[in-house]
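This report introduces a protein model with its DNA to a reader who has not met it before. Please look at the sequence and the structure first, and then read on.

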Amino acid sequence: MLAFQLLRLQAVRVLLGDSSCRPASRGSLGPRSTQKGSGAGWEEEKHKDGVKWRQLEHRGPYFAPPYEPLPDGVHFFYDGKPMKLSMAAEEVATFYGKMLDHEYTTKEVFQNNFFSDWRKEMTVEERKVIKHLDKCDFTEIHRYFVDKATAQKALPREEKQKLKEEAEKLQQEFGYCILDGHREKIGNFKTEPPGLFRGRGDHPKMGMLKRRVMPEDVIINCSRDSKIPEPPGGHQWKEVRSDNTVTWLAAWTENIQNSIKYIMLNPSSKLKGEKDWQKYEIARRLKGVVNEIRSLYRADWKSQDMKKRQRAVALYFIDKLALRAGNEKEEGEAADTVGCCSLRVEHVQLHLEADGHQHVVELDFLGKDSIRYYNRVPVEKPVYKNLQLFMKNKDPGDDLFDRLTTTSLNRHLQDLMDGLTAKVFRTYNASVTLQEQLQALTHAEDSVAAKILSYNRANRAVAILCNHQRTTPKTFEKSMQNLQTKIKAKKEQVAEAKVELKRAKSDHKTQGGNKSRSSLEKKRRLLEKLQEQLARLSTQATDKEENKQVALGTSKLNYLDPRISIAWCKRFGVPVEKIYNKTQREKFAWALDMAGEDFEF
DNA sequence: CGCACAACTTAGAACGTGCCAG
DNA sequence: CTGGCACGTTCTAAGTTGTGCG
């Protein structure tokens, strides 16, 4: 069984088991929510129809530094002979040389795409000579950049300080804008530097040359009366416009997928914060109608209309398993990944009986970022029957829901509730799960450390639901071993302390007196301290093991209504800083402002 | 309706840094 | 005082949803 699948089962156990240990009172007799601090200026909607700002002023993007040619002593070799390359060809060669010890460069697709794009940058003469990648030797280039990085790391303290200050200056100059009179931080104020495209998973375009962004590619968006940003010397903007129905400050078209890249605000900004708040308010509205929607799709499982049936089963998956909508993707443009609506027959297996359950569906597919989703889950009988029907007479490569698109699904959802789309279910289920899990796992009498462990467990249940995975850190095994060694040592200390305590007890019994009494007390305290330390270490180990391949950050940042966490902190006396770091507190400023301890999602 | 394009959110990996144990 | 590691930050790819057009 896959490790992640195991975790999913454990998570279910937490969901089912532990809640019975706690009184299950939901205590929702009082007012449903407390929202204070309305004077802080958080408003769900301020502008009329799509207007996002009245004033927008900024310095434009900061451009990647120009290419610095290799020093004379560093050579590229072709067929064993050194070869001086033209600047354009050399630059692209360095992109490849830098990546030499990365797995990417061993892949055929990567090599082919790179070589074909590289040749386009060569002069006619170069192209005549350089015909085979396997005759190219980039090792000297590679070594040059490795050495350079090492030298950079070894820089004296004051040099590093200087660099830091320069970066700070840049941040101050280009990293902020003025939006409606407020100075707001920009999320990404630098253009993306040129390089070789690194897609995720089996990407057909990996290795292609991502070209340098020039001012001539960039559209600037700012208010008409603002100071128009200066393009770098000798250059011009592609266009300067003033569109206050969008939130971006600058944009350019990228050459790999031909999509638009944007310069936008940081999550700490008021604009993003209000949008975030709005997102959770929509999810909370879903809470009010979700039971109705669930009865509706259950009814639709029996509809005469096959389209409706498919929609109803897909919606069940989206709701129960927190799957993404799953848009169609153009073949050859991106890795072959799917979501709910784009599931194919080959991704589903039906088991009339498995793991001691009836009607088990086994899902196995690559989702966003080519992360594998694997799950075996018992479903209600009509779902099972419908899936059998949808799969009948189809090839493995055929669409499971051949009459369903994300557009038609979302249109249906929109009819059920204003603002409802497929992804709202993910937000809703994630937040509701956190709230339930916190309720089930938190014990008021626990230490702050234990409460934080409970919080992480609740967070983890959500991450598992949403399939947020990470590759096990390279150093995991080693650092786990270190921790185990520490635990073993601590256990020995505890054992020893117990022996000593026993001895002290008997000493005190035979001798009596103050001296032996104080010695006894000392030993007792020592044992207590050691036992505490041991307990802390073992919770640490548990936490670490359970977190091995689970990424908590994504759900924390994008799916969990921060007001749930803030209310929990207030209720149980946990400092918010233990849950949210500085950046996160800035992003969730809106929630810190308004969530009282009795907030309920 | 179906498509292409635009705008915005969500995502994991790579990178940087500062702290703590040895 | 130093090296490893945990954590925070940066980067940009990969999704979803909305829009406008024929």
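## Overall architecture

Among contacts in chain A (heavy atoms within 4.5 Å) between residues at least 6 apart in sequence, 70% join residues at least 24 apart. This is a predicted model, in which local features need pLDDT of at least 70 and side-chain atom pairs count only at pLDDT 80 or more, while totals for chains, interfaces and linings use all residues. Residues are numbered from 1 along each chain as its sequence is written, chains are lettered from A and ligands numbered from 1 in the order in which they are written, and side-chain values use heavy atoms, with hydrogens and water left out.

Chain A contains 18 helices and 15 strands; these are DSSP runs numbered from the N terminus, with helices (H or I) of at least four residues and strands (E) of at least two. Along the principal axes, the C-alpha atoms of chain A fill a box of roughly 95 × 75 × 55 Å. Of its 601 residues, 43% count as buried, that is, under 20% relative accessible area with a 1.4 Å probe and protein chains only.

An unreviewed UniProt entry carries the annotation "domain: DNA topoisomerase I eukaryotic-type" for residues 196-573. UniProt positions are given in the numbering used here, feature names are shortened, and annotations may be inferred rather than shown by experiment. Over residues 196-573 the chain is 51% helix and 11% strand, and the end C-alpha atoms lie 49 Å apart.

## Helix α2

Helix α2 comprises twelve residues, 87-98; at 1.5 Å a residue it should span 16 Å, and this agrees with its end C-alpha atoms, which are 16 Å apart. The expected span is 1.5 Å times one less than the number of residues. Nine of the twelve residues of α2 are buried, so the helix is mostly covered. Among them are Val92, Phe95 and Tyr96. The cover over the buried residues includes the helices α3 (108-121), α4 (124-129) and α5 (139-153), together with the strands β7 (195-196) and β8 (209-210).

## The surface near the DNA

A residue is near a strand if one of its heavy atoms lies within 4 Å of it. Around DNA strand B there are 29 residues, of which Lys272, Lys368, Arg426, Thr554 and Tyr559 come nearest. Of the atoms of DNA strand B within 4 Å of the protein, 86% belong to sugar or phosphate and the rest to bases.

DNA strand C is also surrounded by 29 residues, and the closest are Lys261, Gly326, Lys329, Lys423 and Thr583. Sugar and phosphate make up 92% of the atoms of DNA strand C that come within 4 Å of the protein.

The table lists polar contacts (pairs of N or O atoms within 3.5 Å) to phosphate oxygens.

| Residue and atom | DNA strand | Distance |
|---|---|---|
| Tyr262, side-chain N or O | strand B | 2.9 Å |
| Lys272, polar side-chain atom | strand B | 2.5 Å |
| Tyr559, polar side-chain atom | strand B | 2.9 Å |
| His203, polar side-chain atom | strand C | 3.3 Å |
| Asn327, polar side-chain atom | strand C | 2.7 Å |
| Ala422, backbone N or O | strand C | 3.2 Å |

For DNA strand C, the elements that give two or more residues to the nearby surface are α11 and α13 (476-511).

Key. Buried < 20%, exposed > 50% of the residue type's maximum accessible area, 1.4 Å probe, protein only. Polar contact = N/O pair within 3.5 Å; in protein donor to acceptor, adjacent residues only side chain to side chain.
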